[in-house]
Number of protein chains: 2
Amino acid sequence: MATGTSGAPRILALAGSLRAGSFNKTLLRVAAGIAGELGAEVDWLELRELNLPLYDADEEAASGLPEGAQRLQARIRAAEGLLLACPEYNHSIPGVFKNAIDWASRGAGNPFPNKAAALLGASTGAAGALRALMQMRLVLAGRGVWIVPAQATLPNAASAFDESGALKDASARKQVTAAVQQLLQQVQRLRALPA
Amino acid sequence: MATGTSGAPRILALAGSLRAGSFNKTLLRVAAGIAGELGAEVDWLELRELNLPLYDADEEAASGLPEGAQRLQARIRAAEGLLLACPEYNHSIPGVFKNAIDWASRGAGNPFPNKAAALLGASTGAAGALRALMQMRLVLAGRGVWIVPAQATLPNAASAFDESGALKDASARKQVTAAVQQLLQQVQRLRALPA
């Protein structure tokens with residue numbers, strides 16, 4: 001139940017990349033691990049498993065929401081908080097990730113209101129996906145999501161992890177921890193005073 | 001030849017929606033008509049014809065650019081100016097349109113530098129796709145595109161066109177004309193002094 005008032009916070013972890021070796025997935029695994037240590041129940045969703053088509057309003061009018069979009073909505077609906085790792089493609093949100101959000105926003109059952117979210121982003125360059133996260137805030141706030149102020153941006157991602165997938169830099173891990181802590185706190189606030 | 005210094009300006013017209021009855025396509029048709037009246041040669045590209053997959057770096061590493069991405073790059077490369085109509089989904093660029101830009105930016109032959117572009121956007125609400133256009137500027141400037149300052153945003157698009165697809169409001173048409181004029185002027189400047 002998404003509106004339960006006790007039990008472990010239910011967190012959906014989703015990275016916006018199809019690539020198996022995605023640095024954003026590695027970063028998200030770190031964050032999901034921290035969330036687990038802090039008592040959350042983490043539901044890991046692979047974007048690829050949804051097998052989403054490109055959004056097409058004509059297709060939607062003819063056939064309704066594709067099965068993958070329905071599954072995505074159900075997983076969001078079952079969660080109380082979203083832990084989202086967003087790569088940056090061309091100074092912005094990857095089309096493949098935005099397409100998933102576009103599908104999730106469609107149909108009768110908008111799953112986003114009353115959810116909390118924390119944003120992470122890794123890039124191999126110096127920007128650490130910062131521009132993509134700025135745009136993600138516009139998108140998700142438009143859907144009614146409570147995005148926590150803290151976020152984790154990871155530049156130079158190709159050399160940021162050790163062989164076990166841990167962050168080499170303690171301050172980077174601290175940044176991730178702060179975002180996860182705020183996410184879990186906001187889930188508790190939304191439990192106490194739902195919209 | 002994209003670097004020719006005489007002849008009609010070559011303008012690629014592309015709308016970021018798959019929907020057949022898209023208001024953005026209707027708006028783009030108005031702009032393309034104006035460009036034609038002003039002496040441009042307009043190449044109309046339907047996003048749907050490209051049949052692009054969702055961007056996947058693993059697929060790209062295994063198989064290179066899909067055929068549709070290569071065609072998109074060739075059409076951009078052959079043009080001197082881009083006339084782009086961008087819908088707004090969830091306060092931002094549609095995933096389906098961003099995905100096309102992401103593919104176009106990949107591989108050896110970045111087709112964007114030294115191109116001019118003008119942005120149009122229609123929405124059925126009050127915002128007229130303004131937020132999506134703001135984000136398009138970040139994306140295309142990041143690729144080296146010369147985006148002209150004038151742009152056309154069209155709110156309340158469901159009632160903005162007459163039965164022939166013309167804009168009912170003269171000031172809306174004036175806005176489109178200004179953007180097209182700046183586009184054609186910038187094409188001439190880039191012919192005179194290429195990057």
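**B:Lys25 and its partner**

I started with B:Lys25, which comes out as buried at 4% relative accessibility. This is a predicted model, so I kept in mind that side-chain atom pairs count only at pLDDT 80 or more. What does the side chain of B:Lys25 meet in a salt bridge? I found B:Glu46, with N to O at 3.0 Å. I then looked up where the two sit: B:Lys25 is in helix H1 (residues 23-37) of chain B, and B:Glu46 is in the loop between strand S2 (41-45) and helix H2 (47-50). The pair therefore ties together parts 21 residues apart in sequence.

**More salt bridges in chain B**

Next I checked B:Arg75, whose side chain meets that of B:Asp43 in a salt bridge of 2.7 Å, N to O. B:Arg75 belongs to helix H4 (residues 67-78) and B:Asp43 to strand S2 of chain B, so this pair links parts that are 32 residues apart in sequence. Buried or partly exposed, I wondered, for B:Arg75? It counts as partly exposed, at 24% relative accessibility. B:Asp43 is partly exposed as well, at 28%.

Then I went to B:Glu80 and B:Arg191, which form a salt bridge at 2.6 Å, N to O. B:Glu80 is in the loop between H4 and strand S3 (81-85) of chain B, while B:Arg191 is in helix H7 (residues 170-192), so the pair ties together parts 111 residues apart in sequence. Both B:Glu80 and B:Arg191 are buried.

Over in chain A, I noted a salt-bridge network that links A:Arg10, A:Glu80 and A:Arg191. For the whole structure, over all chains, my tally is 22 salt bridges.

**Where the chains meet**

How many salt bridges does the rule find across the interface of chain A and chain B? I get four. One I looked up joins B:Arg48 to A:Asp58, with the closest N and O atoms 4.0 Å apart. I also have 16 residue pairs in polar contact between the two chains, both residues being at pLDDT 80 or more.

On the chain A side, I listed the elements that give two or more residues to the surface touching chain B: helix H3 (57-63), helix H5 (95-104) and helix H6 (130-142). Which of them gives the largest share? That is H5(A), with six residues. By type, I sorted the chain A side into 13 nonpolar, eight polar and seven charged residues.

The contact draws 28 residues from chain A and 28 residues from chain B. For its size I wrote down about 2400 Å² buried between the chains, with 54% of that on carbon and sulfur atoms.

**Helix H5 of chain B**

I turned to H5 in chain B, residues 95-104. Ten of its ten residues are buried, so the helix is largely enclosed by the rest of the structure. The buried set includes charged-type names such as B:Lys98 and B:Asp102, and B:Phe97, B:Ile101 and B:Trp103 are also among them.

**Two loop residues**

B:Val145 caught my eye in the loop between helix H6 (130-142) and strand S5 (146-154) of chain B. It is buried, at 7% relative accessibility. What does B:Val145 touch, leaving out residues up to four places away in sequence? My list reads B:Phe112, B:Lys115, B:Ala116, B:Ala117 and B:Leu140. With B:Lys115 I also checked the backbone: the two C-alpha atoms are separated by 5.4 Å, although the residues are 30 apart along the chain.

In chain A I looked at A:Ser123, in the loop between strand S4 (116-122) and H6. A:Ser123 is buried too, at 13% relative accessibility. Again not counting residues up to four places away in sequence, A:Ser123 touches A:Gly128, A:Ala129, A:Leu154, A:Pro155, A:Asn156 and A:Ala157.

**Cysteines**

Last entry: I searched the whole structure for disulfides and found zero over all chains. Where is the nearest cysteine sulfur to A:Cys86? That of B:Cys86 is 17 Å away, and A:Cys86 is in no disulfide. A disulfide needs the two sulfur atoms within 2.5 Å. B:Cys86 is likewise in no disulfide, its nearest cysteine sulfur being that of A:Cys86. I looked up burial as well: A:Cys86 is buried, with a relative accessible area of 0%, and B:Cys86 is buried at 0%.

How values were computed: Residues are numbered from 1 along each chain as its sequence is written. Chains are lettered from A and ligands numbered from 1 in the order in which they are written. This is a predicted model: local features need pLDDT of at least 70, side-chain atom pairs count only at pLDDT 80 or more; totals for chains, interfaces and linings use all residues. Side-chain values use heavy atoms; hydrogens and water are left out. Buried means under 20% relative accessible area, exposed over 50%, partly exposed in between (1.4 Å probe, protein chains only). Contact means heavy atoms within 4.5 Å. Buried area is the accessible area (1.4 Å probe) that two parts lose on being put together, summed over both. A polar contact is a pair of N or O atoms within 3.5 Å; within protein, one must be able to donate a hydrogen and the other to accept it, and residues adjacent in sequence count only if both atoms are side-chain atoms. Helices (H or I, at least four residues) and strands (E, at least two) are DSSP runs, numbered from the N terminus.
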